[in-house]
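New to this one? Here is a friendly walk through a few of its features, taken one at a time.

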Amino acid sequence: MEDCLAKKLEITVSEAEKRTGRNAVNIQETYTAYLIETRAVESQSEGQCAPVESLWRRYSEFELLRNYLSVTYPHIVVPPLPEKRADFVWHKLSADNMDPDFVERRRIGLENFLLRVASHPVLCQDKIFYAFLMQEGGWKEMVNETGFQLKADSRLKALNATFRVKNPDKRFTELKHYSDELQSVISHLLRVRARVADRLYGVYKVHGNYGRVFSEWSAIEKEMGDGLQSAGHHMDVYAASIDDILEEEEHYADQLKEYLFYAEALRAVCRKHELMQYDLEMAAQDLTSKKQQCEELATGTVRTFSLKGMTSKLFGQETPEQREAKIKVLEEQIQEGEEQLKSKNLEGRDFVKSAWADIERFKEQKNHDLKEALISYAVMQISMCKKGIQVWTNAKECFSKM
Amino acid sequence: AASAPKPLPSSGPKSLREMPHPLATSSSEEMGPALTPSPDLLLPRSIADKDLSLPNGTPVDTSSPASSSSLLNRLQLDDDLDVEARDLFVTVDDPKKHVCTMETYITYRVTTKTTRAEFDLPEYSVRRRYQDFDWLRNKLEESQPTHLIPPLPEKFVVKGVVDRFSEEFVETRRKALDKFLKRITDHPVLSFNEHFNVFLTAKDLNAYKKQGMALLSKMGESVKYVTGGYKLRSRPLEFAAIGDYLDTFSLKLGTIDRIAQRIIKEQLEYLVELREYGPVYSTWGGLEVELSEPLEGVSACIGNCCTALEELSEDMTEDFLPVLREYILYAESMKNVLKKRDQVQAEYEAKLEAVALKREDRPKVPTDVEKCQDRVECFNADLKADMERWQNNKRQDFRQLLMGMADKNIQYYEKVCVT
């Protein structure tokens, strides 16, 4: 196992706090700040407790960090952030960003993000990341100084490349296809799950009405009274139990959501490959056409129709000296182009190699995590059923004593 | 035989002399005892032309209202009849559809096994349709007006909403009809009713029905209550309490019915969503390599949950809801009986008043007044007795019912666990 930051440093996002302040356009706003605490692990083994260092960050700073990482390491599947706005809500959950439950789940998500980055063999070594954890002041400036925004590819360029690329690596095409499907299936799953949760909530809560009616009914009964009353109590317990059950399920949903967003990260890597490949193809094409031009000029044959050729026919041929000059320029360009092509090729192959290595790592992580998530979901369901059995057995006992 | 009958607050044959005259005391305070005639009007209980029965077990003609209370006294102590002590068994089964030119209808087979002397044969098997049950119930109400007659399942079904010939509907009805007959069978008075006997035994019931209409009604059926708009002076506390209880009871049952229906509705909606949920996991499984097995597994589990849930909802609809409704109907018919009782009491009071006002020294008391007083007594006695047994039975029924519901839920959860 490579040495990664997570082994040396304990990282937690321990608190969240509401703050007000002025934002970039000088407007007063309320936001939530999160407390990041770190503590060195090594010194603990010596019986000493290392001091805890801490600083506050807000969500937008996390976003900045992630953008920086995505641009600087385009061949890495960068871990995603928890959602910016509450999505896939069902009626009891609030869609409000300030809602304490939402903030709590986000806190956990942010901690998870930091831990993922810290356990990544490549990303954990990044200085900006380290500074994010340790250095409160001046971090933003530091990030901006790296000039990473300039390196970022324009969306339009990327889109263009996706459509026009001729020969991308098949594996990447498949991967992109897979990540599209994954995204669609997980979002479908989350939507339906939200509806299922909603309905289940309704079923449980209506049983609470039994509690009230049984209680009222028991008041007019003699022998049946006690049994009814206690059974009613169990119905109330049943109705109340759904709240905890569904809260636990939210964690499962969050785990799925992480991989929903991971699909986007996968796609980003594929897009980068397509862009590079497209660049390569364009450069190769450019080179070929220049070579052709050179050849034409040298031999005087016009292979392809060109406006220049036509105009020169109309307005007279150029002088041999002019032609020589042109050929010279072209030959230089061709030389440059060939070198560029060579380096681009190399870049491309390196990218493919390192990206694919990270993708394999990601695949393993995904399989492992999702398997665990599914298992814990099943465990949750079983415990829910066991609780149900318990409640109804108790109620049955009450009824039998009527 | 009973040494002392259970203390029926209403008339027992020996406590008459101790009863206060209704007009002597202030009519506002009525303790447990029902209204009874003063010692002046008291005659050695010769009502109409029938002999009184004595509590020592002299056989009586049970169609007379006077004697039913004493019979009840006797049987009151046999609270839980042993199965061996029962001598009449009735079942309803084997529904069959009949298609005629005029109509289509369903008949049920009614099987009787008995050792009673009132029956010529030890076994009978006849076919009856709903109409026949309805007729029986009306006859019982007419001939035993002082008793609580068990309810029948609803007569009319809205066509188009419910399929009258669907298996579920027919089965639900069959169960209810079976219960109806069993309740009558268990009743110490009703089970000896001659109409009931004919219902169980006659090959051609229709002929008997027509006969019954034309013939002059017998002793029991002549006790028709003219509802002459008499106002009731005061209702004895216990019956007022029963009335209140029934009101609240049907209210609560109604609420439970609504809740149960709501739950079933919510469960079905939940089911709809679950049905969509499962396959998504399957789709995902198709997308993955290593994860496909666990994902398929989840999908299959959800499918099983769907099936189990469906069964639960079905069971609730078929077993739980009908019983609730039946008891609501029961409560309704009981309230009607209470009303009749009130009427009789009112009539009796009015007549009593009239007699008192006349101040005649006639030694003979108008027979109708006596009849009234007797009716009232019997009414009260029968009602009270019936109520108690009804309560017992109801308790048993509900206990079973709710336990059944709990069981079903348990089964559901167990099934889900297993998957």
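## The sheet in chain A

Let's start with a single pair of residues: Ala16(A) has Tyr34(A) as its bridge partner in β2(A). That match belongs to a longer run, since β1(A) and β2 (residues 28–40) of chain A pair in the antiparallel sense over 13 bridges. Keep in mind as you look around that this is a predicted model.

Zoom out a bit and you'll find an open sheet of 3 strands in chain A, in the order β1-β2-β3, with antiparallel pairing. Its edge strands are β1 (9–22) and β3 (53–58) of chain A, each of which pairs on one side only. From one strand to the next, the twist averages 25°.

## Helices against that sheet

Two helices are worth finding here. α2(A) packs on the sheet and touches β2 and β3 of chain A, with its direction at about 90° to that of β3(A). Helix α3 (residues 100–119) of chain A lies across β1 and β2 of chain A, and runs at about 135° to β1(A).

## The sheet in chain B

Now hop over to chain B. Which order do the strands of its open sheet take? The order is β1-β2-β3, with 3 strands and antiparallel pairing. The edge strands, pairing on one side only, are β1 (88–99) and β3 (123–129) of chain B. Here the twist averages 20° from one strand to the next.

β1(B) and β2 (residues 104–114) of chain B pair in the antiparallel sense over 10 bridges. If you'd like a spot to click on, try Phe89(B), whose bridge partner in β2(B) is Lys113(B).

This sheet has helices on it too. Helix α2 (residues 130–143) of chain B lies across β1, β2 and β3 of chain B, at about 105° to β3(B). Helix α4 (residues 194–201) of chain B also packs on the sheet, touching β1, β2 and β3 of chain B, and its direction makes about 90° with that of β3(B).

## A pocket to explore

Last stop: the second largest pocket, which holds about 890 Å³ of space. It is lined by 30 residues, and the closest to its centre are Arg66(A), Ser70(A), Arg155(A), Ala268(A) and Arg271(A).

Which helix gives the most to this lining? That's α9(A), with 8 residues. In chain A, α2 (59–72), α7 (155–164) and α9 (225–299) each supply at least two residues of the lining. By kind, the lining residues divide into 16 nonpolar, 4 polar and 10 charged.

Note on methods: Residues are numbered from 1 along each chain as its sequence is written. Chains are lettered from A and ligands numbered from 1 in the order in which they are written. This is a predicted model: local features need pLDDT of at least 70, side-chain atom pairs count only at pLDDT 80 or more; totals for chains, interfaces and linings use all residues. Side-chain values use heavy atoms; hydrogens and water are left out. On a 1 Å grid over the protein atoms alone, a cavity is a set of points where a 1.4 Å probe fits but cannot get out, and a pocket is an open set with protein on both sides within 12 Å along at least five of seven lines; lining residues have an atom within 4 Å of a point. Grid points are joined across faces, edges and corners, and a volume is the space filled by probe spheres set on the points. Helices (H or I, at least four residues) and strands (E, at least two) are DSSP runs, numbered from the N terminus. Ala, Val, Leu, Ile, Met, Phe, Trp, Tyr, Cys and Pro count as nonpolar, Asp, Glu, Lys and Arg as charged, and the others, Gly among them, as polar. Two strands pair if DSSP finds at least two bridges between them. Axes are lines fitted to C-alpha atoms, for helices over the stretch in contact, and angles run from 0 to 180 degrees between N-to-C directions. Contact means heavy atoms within 4.5 Å.
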